[in-house]
Amino acid sequence: MELTRTLLRWLAAIFFIVAGTFHFLKPEMYLRIMPPYFPAPALLVAISGVAEIAGGLGLLIPPVRYAAGWGLIALLIAIFPANIYMLQHPEIFNFPVWTLWARLPLQGVFMLWVWYIALQPPHAEPRHSGTAR
């Protein structure tokens, strides 16, 4: 079970680090999905990119993993308005509408994934008394 959790942790770390890096390589993509009522969109894109990279790296460092997990969950909540904005204005984006709907519950799946790999304590191994029952 811990091997699965470790593999999922590495997968999440890579996902968040790559996604965060794209905030700097392709900022226009993230600026397009930023709701217009948010101030300083370029700054918010940069901050969220740094947070994704830091959170992804933090998942791999045991002493900060718990804090990284909560930080990534907070980030996933913070970016949820961008998903709603995309759904409200599908004509702006080149995605099928069903994918915009699918993104909404997918944020919850990502949060559960982060919770499982960073916040949920490992399961204790069952103790055996050494005698047959």
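**Helices, bends and the main pocket**

Helix H6 bends by about 35° at Leu 104, and a proline, Pro 105, follows within four residues. The model described here is a predicted one. Despite the bend at Leu 104, the end C-alpha atoms of H6 lie 33 Å apart, which agrees with the 33 Å that its 23 residues should span at 1.5 Å a residue. Leu 104 itself is among the buried residues of H6, together with Leu 100, Gln 107, Phe 110, Trp 113, Val 114, Tyr 116, Ile 117, Ala 118 and Leu 119. The cover over these buried positions includes H1, H3, H4 and H5.

A second kink is found in H4, where the angle is about 25° and the centre is Ala 68. Here too the span fits expectation: the 17 residues of H4 should cover 24 Å at 1.5 Å a residue, and the end C-alpha atoms are 24 Å apart. Ala 68, the centre of the kink, is buried, as are Arg 65, Gly 69, Leu 72, Ile 73, Leu 75 and Leu 76 of the H4 helix. Helices H1, H3, H5 and H6 are included in what covers them.

Arg 65 of helix H4 deserves a closer look. With a relative accessibility of 17%, Arg 65 counts as buried because the cut-off is under 20%. Neighbours within four places in sequence aside, Arg 65 is in contact with Arg 9, Gly 58, Leu 59, Leu 60, Ile 117 and Ala 118. Of these partners, Arg 9 is listed among the buried residues of H1, while Ile 117 and Ala 118 are listed among those of H6. Tyr 85, by contrast, stands 20 residues from Arg 65 in sequence and 31 Å from Arg 65 in space, C-alpha to C-alpha.

Helix H1 has 24 residues and reaches 34 Å from its first C-alpha to its last, close to the 34 Å expected at 1.5 Å a residue. Its buried residues are Arg 5, Arg 9, Ala 12, Ala 13, Phe 16, Ala 19, Gly 20 and His 23, and they pack against H2, H3, H4 and H6.

What of the space between the helices? The largest pocket holds about 850 Å³. It is lined by 32 residues, of which Tyr 30, Ile 33, Ile 79, Asn 83 and Arg 103 are the closest to its centre. Helices H1, H2, H3, H4, H5 and H6 each give two or more residues to this lining. The largest share, six residues, belongs to H3. By residue class, the lining of the pocket comprises 23 nonpolar, six polar and three charged residues.

Helix H3 also holds Leu 57, which is partly exposed, with a relative accessible area of 43%. Leu 57 and Leu 43 are separated by 14 residues in sequence and by 21 Å in space, C-alpha to C-alpha. In the loop between H2 and H3 sits Ala 40, a residue other than glycine whose phi nevertheless takes a positive value, near 50°. At 42% relative accessibility, Ala 40 counts as partly exposed, because that class runs between the 20% limit for buried and the 50% limit for exposed.

How values were computed: Residues numbered from 1 in each chain as written. Predicted model: local features only at pLDDT ≥ 70, side-chain atom pairs only at ≥ 80, totals over all residues. Heavy atoms only, no water. 1 Å grid on protein atoms, 1.4 Å probe; cavity = no way out; pocket = protein on both sides within 12 Å on 5 of 7 lines; lining within 4 Å. Points joined across faces, edges and corners; volume = space filled by probe spheres on them. Nonpolar A, V, L, I, M, F, W, Y, C, P; charged D, E, K, R; others polar. Expected span 1.5 Å × (residues − 1). Bend = angle between axes of the 7 residues up to and from the residue. Buried < 20%, exposed > 50% of the residue type's maximum accessible area, 1.4 Å probe, protein only. Contact = heavy atoms within 4.5 Å.
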